[in-house]
Amino acid sequence: MTARIERVVTEGVVSVDGSEYKVENNTWIVGDDDEVIVIDPARDAETILETVGEREVLAVICTHGLPDHVGGAIEVAARDEAVVALNRKDRRLWRETWQETYPDIDMEDEGIFGVADVELEVIATPGITQGGVSLYVEELGVVFTGKTLLADGPGKVAGEYPALADQLTAIGERLFTLPGDTRVLPAHGEETTVADQEQHFDAWLAGSLTRDGSAEDEQDGPLVDGTRVSGIKLKLDED
């Protein structure tokens, strides 16, 4: 197998509801010495393309439509006339960054992208956004989770969970059914593994993500998005 993974770290400021947040992003490059796929190209297209070098960019895949996941998408793709892929449900978010264009490919659950000698399988993981996806590469034993799952647990937007019930359901049903030693490569921070994160899942379901530790907190109290963790229905494989 010749395919390998490279990480490019960039930083910048993201504006959410009038407030600005300093954000550090991981852009992941998957491929070999001849061709690559770029995942979550953040704002600094020049730095990303320097790492790509003379290799051909076949596709740019955005796990979410948020600005810090798509900010460099057009410029990175334009160099080699590569396609840009995004789940259709995140088109509205995409247009907040790129008002004059749409992605070339509307990604769907279980879709496949090929590069070098590996395949990237699209896994629908909504929650952070309606169209959020992860990308599983069985041959390399990795899953690119965007903002859905980070090394310190489920990701947030501006310090909040937009739809935590959906996010936890996606994590439990789609990500935690992968092999435990699968490396989790997120869009922010360091990597982790499925097994390392899965051990915290029951605590997340019990409300640990939304409690501040005070005695007044209800274990099954409402989440930021108005739902209740206790209402999550999971269909985990029992095998």
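**A tour from helix 5 to the aromatic rings**

Begin by selecting helix 5, residues 164-175, in this predicted model: of its 12 residues 9 are buried, so the helix is largely enclosed by the rest of the structure. To see which positions these are, colour L164, A165, Q167, L168, T169, A170, I171, G172 and L175, the buried residues of helix 5.

Next, display what covers those buried residues, which includes strand 9 (133-137), strand 10, strand 11 (149-150) and strand 12 (153-154), together with helix 6 (194-198) and helix 7 (201-205).

Keep strand 10 (residues 142-146) in view and select F144 within it, then add W28 from strand 2 (residues 19-31); the pairing of these two rings ties together parts that lie 116 residues apart in sequence, because each ring belongs to its own strand. A pair of aromatic rings is described by the distance of the centres and the angle of the planes. For W28 and F144 the centres are 6.0 Å apart and the planes stand at 55 degrees, so the pair counts as tilted. Both partners are buried, W28 with a relative accessible area of 6% and F144 with one of 1%.

The W28 and F144 pair belongs to a wider set, since a search of the whole structure finds 5 aromatic pairs. For another part of that set, select F176, F201 and W204, which ring pairs link into a cluster.

Finish at Y102, where two arginines are worth showing together with the ring: R91 lies over its face at 4.4 Å from the ring centre, and the charged end of R95 sits over the ring of Y102 at 4.3 Å from its centre.

Key:
Residues numbered from 1 in each chain as written. Predicted model: local features only at pLDDT ≥ 70, side-chain atom pairs only at ≥ 80, totals over all residues. Heavy atoms only, no water. Phe/Tyr/Trp six-rings, centres within 6.5 Å; stacked < 30°, edge-to-face > 60°. Helix = DSSP H or I, 4+ residues; strand = E, 2+ residues; numbered from the N terminus. Buried < 20%, exposed > 50% of the residue type's maximum accessible area, 1.4 Å probe, protein only. Lys NZ or Arg CZ within 6 Å of the ring centre and 35° of its normal. Contact = heavy atoms within 4.5 Å.
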